[in-house]
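Trainee: Before we begin, may I ask you to justify the terms used for this structure, one by one?
Mentor: Certainly; let us set each value against its definition.

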Amino acid sequence: MSDKVFCPSPWNGLYVHLNKTLPCPFNKGNNDYSPLKYYHSSFLKELKNDFFNGTFHQSCNVCESRELDGLKSGRQEFLKYCNEGDVDSNDSSKLKRLEV
């Protein structure tokens with residue numbers, strides 16, 4: 001596994017389940033955000049900051065653990081369709097994946 005990690009999901013993914021909104025179904029964030037509240041949340045800003053700094057966010061432990069075990073993660077699958085060069089550092093989001 002590379003020392004620097006990146007995941008496009010905070011920029012272009014949205015997973016809505018019951019009363020929480022997350023960047024993907026693997027994320028273990030605990031919130032009660034509507035999609036609009038999520039989009040403007042400090043949680044999402046932290047996720048984006050961590051990935052721009054090349055580190056996993058604490059709520060991304062499912063993908064991190066899988067990669068440490070040598071298994072394919074959701075993050076690696078998402079990178080097939082979008083990579084760091086495809087996201088805008090000015091924090092804009094372009095939804096490419098919606099899961100409900």
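**Cavity, cysteines and sheet**

Mentor: This is a predicted model, and in it α1 (9–12) and α3 (42–52) each supply at least two residues of the lining of the largest cavity.

Trainee: How many cavities of 30 Å³ or more are there, and how much space lies in the largest cavity?

Mentor: The count comes to 1 cavity at that cut-off. The largest cavity holds about 90 Å³ of space. It is lined by 14 residues, and those closest to its centre are Cys-7, Cys-24, Phe-51, Cys-60 and Cys-63.

Trainee: What makes this space a cavity rather than a pocket?

Mentor: A 1.4 Å probe fits at the points of a cavity but cannot get out, whereas a pocket is an open set.

Trainee: Which classes do the residues of the lining fall into?

Mentor: The lining of the largest cavity divides into 10 nonpolar, 3 polar and 1 charged. Cysteine counts as nonpolar.

Trainee: Several cysteines lie closest to the centre of that cavity. How many disulfides does a search of the whole structure find?

Mentor: The search finds 0 disulfides.

Trainee: Why is Cys-7 not bonded to Cys-24?

Mentor: A disulfide requires two cysteine sulfur atoms within 2.5 Å. For Cys-7 the closest cysteine sulfur is that of Cys-24, at 6.1 Å, and therefore too far for a bond. For Cys-60 the closest cysteine sulfur belongs to Cys-7, at 6.5 Å, which is likewise too far for a bond.

Trainee: What are the relative accessibilities of Cys-7 and Cys-60, and are these residues buried or exposed?

Mentor: Buried means under 20% relative accessible area. Cys-7 has 6% and therefore counts as buried; Cys-60, at 11%, also counts as buried.

Trainee: Why does Leu-18 count as exposed?

Mentor: The term exposed applies over 50%. Leu-18 has 77% relative accessibility, so Leu-18 counts as exposed. Leu-18 lies in the loop between β1 and β2, and its phi is near 50°, a positive value in a residue other than glycine.

Trainee: How do you know that β1 and β2 pair?

Mentor: Pairing requires at least two bridges between two strands. Strand β1 (residues 13–17) is joined to β2 by 3 bridges, and the two run antiparallel. Within this pair, Tyr-15 has Leu-22 in β2 as its bridge partner.

Trainee: In what order do the strands of the open sheet lie, and what makes β2 and β3 edge strands?

Mentor: The 3 strands follow the order β2-β1-β3, with mixed pairing. Strands β2 (20–22) and β3 (97–99) each pair on one side only, and are the edge strands. Neighbouring strands of this sheet are turned by 15° against each other on average, direction ignored.

Terms used. Residues are numbered from 1 along each chain as its sequence is written. This is a predicted model: local features need pLDDT of at least 70, side-chain atom pairs count only at pLDDT 80 or more; totals for chains, interfaces and linings use all residues. Side-chain values use heavy atoms; hydrogens and water are left out. Buried means under 20% relative accessible area, exposed over 50%, partly exposed in between (1.4 Å probe, protein chains only). On a 1 Å grid over the protein atoms alone, a cavity is a set of points where a 1.4 Å probe fits but cannot get out, and a pocket is an open set with protein on both sides within 12 Å along at least five of seven lines; lining residues have an atom within 4 Å of a point. Grid points are joined across faces, edges and corners, and a volume is the space filled by probe spheres set on the points. Helices (H or I, at least four residues) and strands (E, at least two) are DSSP runs, numbered from the N terminus. Axes are lines fitted to C-alpha atoms, for helices over the stretch in contact, and angles run from 0 to 180 degrees between N-to-C directions.
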